[in-house]
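Here is a structure to read through in a few questions and answers, with each term set against its cut-offs.

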Amino acid sequence: MLRDVIDILADPTDGSALQLTDDDRRIVSDSGHSFDIARQGYVTLAGGEGLKHTGDDADMIASRETFLSGGYFAPFVEAVSATINQALDEANVADEDRPAIVEIGAGTGYYLAHALDDVAESRGVGIDISVPAAKHLAKCHPRAGAVVADAWQRLPIRDRAVDVITVIFAPRNPEEFARILKEKGQVIVLTAHPGHLDELREPLGIIGVEPGKIEHLMEKSAGFLERIGEDEVIEFPMELDRASIAAQIGMSPSARHIEAEDLERRIAALPEKMIVTAKAQITRLRLA
Ligand SMILES: C[S@@+](CC[C@H](N)C(=O)[O-])C[C@H]1O[C@@H](n2cnc3c(N)ncnc32)[C@H](O)[C@@H]1O
């Protein structure tokens with residue numbers, strides 16, 4: 001709930017502190033701005049410019065929910081949660097400190113909810129620019145607050161307020177991450193690795209993993225964040241039927257690049273079940 005994280009959140013325009021008011025139906029900032037909490041429990045914290053795009057649409061979010069609830073990405077979620085625990089241990093953060101975890105581009109809250117279950121007393125903010133995502137985020141875990149905001153703008157989070165930032169297949173803004181991270185905090189980034197979903201590329205005509213993502217992240221991080229140790233590569237086979245393949249493609253950018261009818265035809269031509277590789281890498285960063 002937003003109540004659990006109100007001390008971490010900030011006015012998106014000027015960074016001032018926020019308070020809940022009107023029986024938790026509204027949030028006001030010290031500087032006098034007011035933000036209504038939606039019936040579904042999320043709040044939009046956008047500055048004067050508003051939000052420039054809408055992120056994943058309702059169909060993509062529904063596909064993500066379907067696919068992730070199949071448990072196919074369990075090794076990813078387990079690796080992310082283990083890395084969060086490691087980061088908190090390294091910073092000597094105890095459960096009683098109520099560690100603050102912020103996930104950027106949090107989607108349905110699958111990873112955030114797992115992390116909050118794994119770290120007793122922790123609380124989390126799920127940020128996503130997509131309203132359909134925020135509706136899921138608001139109910140993903142009792143200790144999660146859901147916020148609609150743009151990762152490329154000033155984040156609606158107070159300075160030095162966050163123990164761990166997670167970014168799972170989502171936008172990375174090192175300058176803002178460095179501002180909101182506590183002194184000993186860490187950023188945990190999971191990025192698709194070349195080879196991810198390879199078996200589906202040719203038969204479905206989906207786009208490949210863009211090379212050089214981590215190099216680009218490190219360039220943008222210069223002066224803000226530095227890498228910790230070696231990246232961890234996580235690779236595992238998934239046995240997918242056609243329905244889960246359709247859900248996997250439906251939650252990815254490929255959903256926007258291929259005509260629905262073409263995609264349906266190509267999926268129908270696949271074998272009933274396929275072994276598909278999942279491959280991603282975890283990069284850890286700290287303040288430079
Ligand atoms: C590939 S999905 C990953 C979702 C989630 N992390 C997961 O792995 O299940 C990327 C998410 O980032 C969100 N997103 C895209 N651009 C964004 C932005 N500028 N600010 C915040 N969220 C954004 C999308 O709406 C989408 O939910």
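Q: What makes the residues around Phe73 and Ile245 a core, and which members touch the most others?
A: A nonpolar core is a set of buried Ala, Val, Leu, Ile, Met, Phe, Trp, Tyr and Cys residues joined through side-chain atoms within 4.5 Å, where buried means under 20% relative accessible area, exposed over 50% and partly exposed in between, with a 1.4 Å probe and protein chains only. The largest such core has 46 residues, of which Phe73, Phe76, Ile84, Leu190, Leu200, Met238 and Ile245 touch the most other members. Helix α3 (residues 74-90) gives the most to this core, namely seven residues. Another core, of 39 residues and including Val5, Leu155, Val187 and Ile214, lies apart from it.

Q: How far can these values be relied on, and what do they leave out?
A: The model is predicted, with local features needing pLDDT of at least 70 and side-chain atom pairs counting only at pLDDT 80 or more, while totals for chains, interfaces and linings use all residues. Residues are numbered from 1 along each chain as its sequence is written, and side-chain values use heavy atoms, without hydrogens and water.

Q: Why is histidine 33 called partly exposed?
A: Its relative accessible area is 33%, which is neither under 20% nor over 50%, and therefore histidine 33 falls in between.

Q: What makes the pairing of histidine 33 with aspartate 11 a polar contact?
A: Their side chains come to 2.6 Å, and the term asks for a pair of N or O atoms within 3.5 Å; within protein, one must be able to donate a hydrogen and the other to accept it, and residues adjacent in sequence count only if both atoms are side-chain atoms.

Technical notes:
Helices (H or I, at least four residues) and strands (E, at least two) are DSSP runs, numbered from the N terminus.
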